[in-house]
Amino acid sequence: MRELSLHILDIVQNSISANAKNISIEIDEQAETDMLSITITDDGKGMSEDFLSEVISPFATTRTTRKVGLGIPLFKEAAEETGGKFTIESKLGEGTSVKAVFGYSHIDRQPLGDIASVMFILVQGNPQLDFYYKHNVGTNEFIFDTKQIRSVLGTEVGLDRPEILSWISECLQDGIQELYGGK
Amino acid sequence: MKSLAELAALREQALSQIHMRNDEQDGVRIVVGMATCGIAAGARPVLSAFLEEVNKRKLENVAVVQTGCIGLCRLEPIVEVYLPGQEKVTYGKVTPEQVAKIVADHVVNGKVVKEYTIGEIDK
Ligand SMILES: Nc1ncnc2c1ncn2[C@@H]1O[C@H](COP(=O)(O)OP(=O)(O)OP(=O)(O)O)[C@@H](O)[C@H]1O
Ligand SMILES: [Mg+2]
């Protein structure tokens, strides 16, 4: 995995597999304190303490098509090789929170990559779920919240209508570009 | 920044069209594997390319959906195409550059792009 946004896409697939209904993705980029953090929180089925203690090793998986799970170990490694740290908290029946902190300017820190496309793909592929996305770059902030979109659309118009998806795509592209002082 | 007022206007537009929407049952399904193996092999840009192509051609009866691991990790990115009433076709090691041809030949014209299928690339 060469981009942090791809790790995010992958870690969120775990939340979706765990039957989460609400998924929050928070990115905080602070060049001044030399830190970039990514926190993904879900209200899925969670993990037991025993399983959680093993999940950072590639041999912990409940998948059936392959014997090793790679998503979490890869994300952990990406953080640790930048002098950062990785934590995962989970409670059975309540949900899971995964947090990775990276050294912002570390040479091995992967670029964030196309996070707008990743967020779009998540919404497009899972229009029944709610995503809360908060991204800070220095003092700039962008929040994208499907609950807010739903409150405008009402119940008859789904997020997966083509014209709504186009709006969502542009909203994400514009919002993220503005974060970096674009436009 | 996109405005919520614009979104509200789109809602009105969508509502006026909803009753004309035909049943999606006999539509085409394009399924992209999005587990760790798929994502690491480049499934994200492939999925984006399918969404763009379908959008650009305004294909109404085509659903682009995501799935977990298909179980053939070394052939990822894997894409399955289901045409109504036909056996599924599985493409392997798909690149964004191949997407336009798969949509034009297979999805639109019903002609499988044989050289991209897993049977061919695995020879
Ligand atoms: N958010 C979560 N909620 C509940 N269980 C989780 C969550 N994330 C991971 N798990 C559990 O931890 C296991 C390991 O996750 P990991 O992402 O490392 O591998 P995987 O998802 O099994 O396979 P891969 O990511 O390689 O496709 C999963 O199989 C699942 O049982
Ligand atoms: Mg996983």
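**Sheet architecture and burial in chains A and B**

In the hairpin formed by β3(A) and β4(A), where 3 residues lie between the strands, A:Gly93 adopts a positive phi near 80°. The model is a predicted one, and the description below proceeds from this hairpin to the sheet of chain A, its helices and selected residues, and then to chain B.

The two strands of the hairpin, β3(A) and β4(A), pair in the antiparallel sense over 7 bridges. Within this pairing, A:Thr87 has A:Lys99 of β4(A) as its bridge partner. Strand β4(A) also pairs with strand β2 (residues 35–42) of chain A; β4 itself covers residues 95–103, and the two strands run in the antiparallel sense over 8 bridges. Two of the residue pairs in this ladder may be specified: A:Thr41 is the bridge partner of A:Ser97 in β4(A), and A:Met35 is that of A:Gly103, likewise in β4(A). Of the 9 residues of β4(A), 7 are buried, so this strand is largely enclosed by the rest of the structure.

These pairings belong to an open sheet of 6 strands in chain A, ordered β3-β4-β2-β1-β5-β6 and mixed in its pairing. The edges are occupied by β3 (85–91) and β6 (140–145) of chain A; each has a single partner strand, so one side of each is left without a neighbour in the sheet. From one strand to the next, the twist averages 5°. Helix α5 (residues 146–153) of chain A packs on the sheet, with contacts to β1 (22–30), β5 (130–137) and β6 of chain A. The direction of helix α5 makes about 55° with that of β6(A). Helix α6 (residues 162–179) of chain A also packs on the sheet, where it touches β5 and β6 of chain A. For helix α6, the angle between its direction and that of β6(A) is about 165°.

Burial in chain A was further examined for one helix and for individual residues. Helix α4 (residues 115–125) of chain A is mostly covered, with 10 of its 11 residues buried. The buried residues of α4(A) are A:Ile115, A:Ala116, A:Ser117, A:Val118, A:Met119, A:Phe120, A:Ile121, A:Leu122, A:Val123 and A:Gln124.

A:Ile23 is located in strand β1 of chain A. Its relative accessibility is 2%, and A:Ile23 therefore counts as buried, the limit for this class being under 20%. When residues up to four places away in sequence are not counted, A:Ile23 touches A:Val12, A:Ser15, A:Ile16, A:Ile40, A:Thr41, A:Asp42, A:Leu129, A:Asp130, A:Phe131 and A:Tyr132. Among these contacts is A:Thr41, the residue bridged to A:Ser97 of β4(A). A:Ile23 and A:Lys85 are 62 residues apart along the chain, and their C-alpha atoms are separated by 22 Å.

A:Asn14 is found in helix α1 (residues 4–17) of chain A. With a relative accessibility of 36%, A:Asn14 counts as partly exposed, because this value falls between the limits of under 20% for buried and over 50% for exposed residues. A:Asn14 and A:Pro58 are separated by 44 residues in sequence and, from C-alpha to C-alpha, by 14 Å in space.

Chain B contains 5 helices and 4 strands, which follow one another from the N terminus as α-β-α-α-β-β-β-α-α. The C-alpha trace of chain B spans about 55 × 35 × 20 Å along its principal axes. Chain B has 123 residues, of which 46% count as buried. Of the contacts in chain B between residues at least 6 apart in sequence, 63% join residues at least 24 apart.

The 4 strands of chain B form an open sheet in the order β2-β1-β3-β4, with mixed pairing. Strands β2 (62–67) and β4 (89–91) of chain B are the edge strands, each pairing on one side only. In this sheet the twist averages 20° from one strand to the next. Strand β3 (residues 79–82) of chain B pairs with β4(B) in the antiparallel sense over 3 bridges, and B:Val81 stands opposite B:Val89 of β4(B).

At the surface, chain B exposes about 6,500 Å², of which carbon and sulfur atoms supply 49%. Its side chains include 15 positive and 16 negative ones, and the centres of these two sets lie 3 Å apart.

Note on methods
Residues numbered from 1 in each chain as written. Chains lettered and ligands numbered in written order. Predicted model: local features only at pLDDT ≥ 70, side-chain atom pairs only at ≥ 80, totals over all residues. Heavy atoms only, no water. Pairing = 2+ DSSP bridges. Axes fitted to C-alpha atoms, helices over the stretch in contact; angles between N-to-C directions. Contact = heavy atoms within 4.5 Å. Buried < 20%, exposed > 50% of the residue type's maximum accessible area, 1.4 Å probe, protein only. Areas by Shrake-Rupley, 256 points an atom, 1.4 Å probe, with all protein chains shown as cover. Lys, Arg positive; Asp, Glu negative; His and termini not counted. Charge placed at Lys NZ, Arg CZ, Asp CG, Glu CD.
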